[in-house]
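Thanks for coming. I will walk through one chain this morning, starting with a single residue and working outwards.

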Amino acid sequence: MRARIDFKYALGLALDDPGFDFSVLSEFRDRLVEADAGRRVLDGILIAAREKGLLKTAGRARTDATHVLSAARELSWLEMVAETLRSALNALAQAAPGWLSDIAEPDWFKHYATRAEDSRFPKARTRRDEVGARIGRDGTRLLEAVFAADAPAGLGVLAEVETLRQMWVQHFHRVEGEVRRRDPKDRTPGALRLVTLYDTEARGSVKRDTLWDGYKVHLTETCEPQTPNLITNVATTLATVHDSVTIPEIHDALAGRDCLPGEHWVDAGYPTAGQVVTARRDHGVVLHGPMAASTDASADGPFGQDAFTIDWDREQVTCPNGVVSTQWAERRSQQSLPVIRVRFSPADCRPCPHLRDCVNSPSPRRRELNLRQGRDEHETVRTARAEQRTEAWKERYKIRAGVEGTISQAVGRCGLRRSRYRGLAKTSLQHQLTGAAINLARIDAHLTGQPRARTRTSHFAALRPADQTIDGAK
């Protein structure tokens, strides 16, 4: 930029312009993150699209998520703990070389001077266990020295030492004065568990048969027939964050961009009764998505929960046979959610001829119900489940499937499922810029009259009889 006049001319810069800030790429990305540049780029494109009539509000939008792999490679357990210890030793060697020389064991230089490789560890299971125990003892010895009263000040706040501390709490503990590896059932919960020392914000998660270490990204796009489908929000979270938790954040972000839809279509992982009520109350958004099925034992029979009449004012429930409940108490569910537990008297239920149809238990005594704490949430779930059984709702819900094509485009064109950077902030920057890039490509396709690609059909699928659906049902 300082030497090339043609570059300055192309960018409209003065001839004496000093050029861009000279720095390595990682520092450049740090500045982009600090300035929230990814969001600014995406917002700038959306503002321009709105001015040209390509983005309309109060229409329909849809959201879906996909997994994102961390930039750090997967390590074996021995590699991870050995590399964590080696990283802490290198950081301490820079911060307090004299002190570390005094407290270091002689064989530490042999074991931790070079990078750990799984191929260099023993193959036999017993030998590998011995190596792991030795690494655990060495790491514990180092942590005790770092946090001792006579240690130099400031060593405990080093990032590498904090990672070592967390990793050791996660994998080791003392049993009768001996450092041992923790059993799997005794380890840190997944939401807090480090999966690699190279990216301490990455988390391990599983969805059906997919297991990954990294993050999750949620894409929200418009879906109107006469305008391009533009991505209006990109939200990157830890891999362990449940989809339903992101709905308020997504709606707040859309409100900040003036992109709130009238209808928001999502898959089954997003909607809860509380989220549906909150979306309508706070933002005027109708959240559509399959509500979780009732876990009640008689949910589909004549004595399902919907067959009971609830009197919220009197705090009573009447069963289909006219019997009134005797207990109404606030409790916590197995998921720690607030519920109202309703119980009927055994004296009323035992003589009932429909007891076994009403209670799915080897030795039924009485009927119990768990209600959501709040009439609005309860009625929302009941209404939604009834509506979702209709063919009209199923036909409307087909609009949500299109967002999967957006994820496919982002994966194929921009590598959405692999983070290029370490950490949640830089991964989020990548995803914001990915959303901006997809929008530019779609605006270009719309303005140049390029038709949207049709869903691909394999040669074999094309032979399917016209009166047969995909699952083979007539």
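Is R128 buried or exposed? R128 is buried, because its relative accessibility is 15%, and buried here means under 20% relative accessible area, with exposed meaning over 50% and partly exposed in between (1.4 Å probe, protein chains only).

Before going further, some ground rules. What you see is a predicted model, in which local features need pLDDT of at least 70 and side-chain atom pairs count only at pLDDT 80 or more, while totals for chains, interfaces and linings use all residues. Residues are numbered from 1 along each chain as its sequence is written, and side-chain values use heavy atoms, with hydrogens and water left out.

Back to R128. It sits in helix 7, residues 125-146. Helices (H or I, at least four residues) and strands (E, at least two) are DSSP runs, numbered from the N terminus. The side chain of R128 makes a polar contact of 2.8 Å with the side chain of D118. A polar contact is a pair of N or O atoms within 3.5 Å; within protein, one must be able to donate a hydrogen and the other to accept it, and residues adjacent in sequence count only if both atoms are side-chain atoms. Setting aside neighbours within four places in sequence, R128 is in contact with S76, L78, D118, F121, P122 and K123, where contact means heavy atoms within 4.5 Å.

Next, H431, in helix 16, which covers residues 424-447. H431 counts as buried, since its relative accessibility is 0%. Which side chain does H431 join in a polar contact of 2.8 Å? That partner is T236. T236 also appears among the contacts of H431 beyond four places in sequence, along with V68, V217, V234 and L416.

The third residue is I407, which belongs to helix 15, residues 402-414. I407 is buried as well, at 6% relative accessibility. The C-alpha atoms of I407 and D64 are separated by 8.1 Å, although the two residues are 343 apart along the chain. D64 is one of the residues in contact with I407 once neighbours within four places are left out; the others are A65, T66, L219 and R417.

Now to charged pairs. Side chains of opposite charge can pair when their charged atoms come close. The rule used for a salt bridge is a side-chain nitrogen of Lys or Arg within 4 Å of a carboxyl oxygen of Asp or Glu. How many salt bridges does this rule give? The count is 27, and I will show three of them.

One is R39 with D43, whose closest N and O atoms are 3.4 Å apart. These two are four residues apart in helix 3 (residues 37-51), so about one helical turn separates them. R39 is partly exposed, at 27% relative accessibility, whereas D43 is buried, with a relative accessible area of 18%.

Another joins R73 and E79, with 3.6 Å between the closest N and O atoms. R73 is partly exposed at 45%, and E79 is buried at 5% relative accessibility.

The third is between the side chains of E368 and R366, at 4.0 Å from N to O. E368 is partly exposed, with 36% relative accessibility, and R366 is buried, with 17%. As for shared partners, salt bridges link R39, D43 and R257 into one network.

Let me step back to the whole chain. There are 16 helices and 13 strands. Of the 474 residues, 40% are buried. The radius of gyration, taken over C-alpha atoms, is 29 Å. A compact globule of 474 residues would have a value near 23 Å, by a rule of 2.2 Å times the number of residues to the power 0.38. Along its principal axes, the C-alpha trace spans about 85 × 75 × 50 Å. Among contacts between residues at least 6 apart in sequence, 65% join residues at least 24 apart.

Last, confidence. The mean pLDDT of the chain is 90, and 96% of its residues reach 70 or more; pLDDT is the predictor's confidence in each residue, from 0 to 100. Which element has the lowest mean pLDDT? That is strand 13 (residues 368-372), at 83, while strand 6 (residues 231-238) has the highest, at 97. Where pLDDT is low, the predicted coordinates should not be read in detail.
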